[in-house]
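Me: Please take a close look at the salt bridges in this model. I would like to know which residues pair up and how accessible they are.

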Amino acid sequence: MKIIELNEIQSTSENSKLFSLYTQFQKLLEELRKKELPDTLIEAINLDIEALNATTVPDHEFRKLLKEKQTKIVRVVEKKVKIVPQKYYMTTWLAIGMSAFGIPLGTVLGLSLGNMGLLGIGLPIGMAIGIAVGTNMDKKALQEGRQLDVVIKY
């Protein structure tokens, strides 16, 4: 089974944000076509592409729909076969590091020194921890051949 093509949209050249997102989505599909994926996963991806091909919404709504489908495809592929785009884990762990490590660390620091103004010091520390963990996971995915040659930007 093969991943189907996304229909060419004429108005993408007029809207630069839509054009860059459309190009990025096309690149993601190209990279996924190079990998061995289970038929059930390809069917799910094809359903999303068919929904995009069938839509007739204006540009700004199409861009939103394109983002949603791209995010859904990346998450499903990561969950089912552990294949991820470049910097996927870094961006995911950046937010986790700030919230799970940074805020508690800043709170502890602020309470122990008696100055809650130091709460914000924990955020960059947590961000650094998250980036370090995510970068290591990205390197491991690259070494194992589980990384796509595309960077997802929003």
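What follows goes through the salt bridges one by one and then turns to an aromatic pair.

Reply: The model is predicted. It holds 6 salt bridges, among them the three pairs described here.

In one of them, R33 pairs with E5, and the closest N and O atoms are 3.5 Å apart. This contact joins distant parts of the chain, since R33 belongs to helix α1 (residues 16–34) and E5 to the segment before α1, 28 residues apart. R33 has a relative accessibility of 24% and therefore counts as partly exposed.

K34 forms a salt bridge with E31, with 3.1 Å between the closest N and O atoms. Both residues are in helix α1, and because they are 3 residues apart, about one helical turn separates them. K34 counts as exposed at 63% relative accessibility, whereas E31 counts as buried at 6%. K34 and E31 also belong to a network of salt bridges that includes K27.

The side chains of D48 and K72 meet in a salt bridge at 3.3 Å, N to O. Here too distant parts of the chain are linked: D48 is in helix α2 (residues 39–54) and K72 in helix α3, 24 residues apart. D48 is buried, with a relative accessible area of 6%; K72, at 42%, is partly exposed.

As for aromatic contacts, a search of the whole structure finds 1 pair. The ring centres of Y88 and Y89 are 5.4 Å apart and the ring planes lie at 75 degrees, so the pair is edge-to-face. Both Y88 and Y89 are buried.

Definitions and conventions:
Residues numbered from 1 in each chain as written. Predicted model: local features only at pLDDT ≥ 70, side-chain atom pairs only at ≥ 80, totals over all residues. Heavy atoms only, no water. Phe/Tyr/Trp six-rings, centres within 6.5 Å; stacked < 30°, edge-to-face > 60°. Buried < 20%, exposed > 50% of the residue type's maximum accessible area, 1.4 Å probe, protein only. Salt bridge = Lys/Arg side-chain N within 4 Å of Asp/Glu carboxyl O. Helix = DSSP H or I, 4+ residues; strand = E, 2+ residues; numbered from the N terminus.
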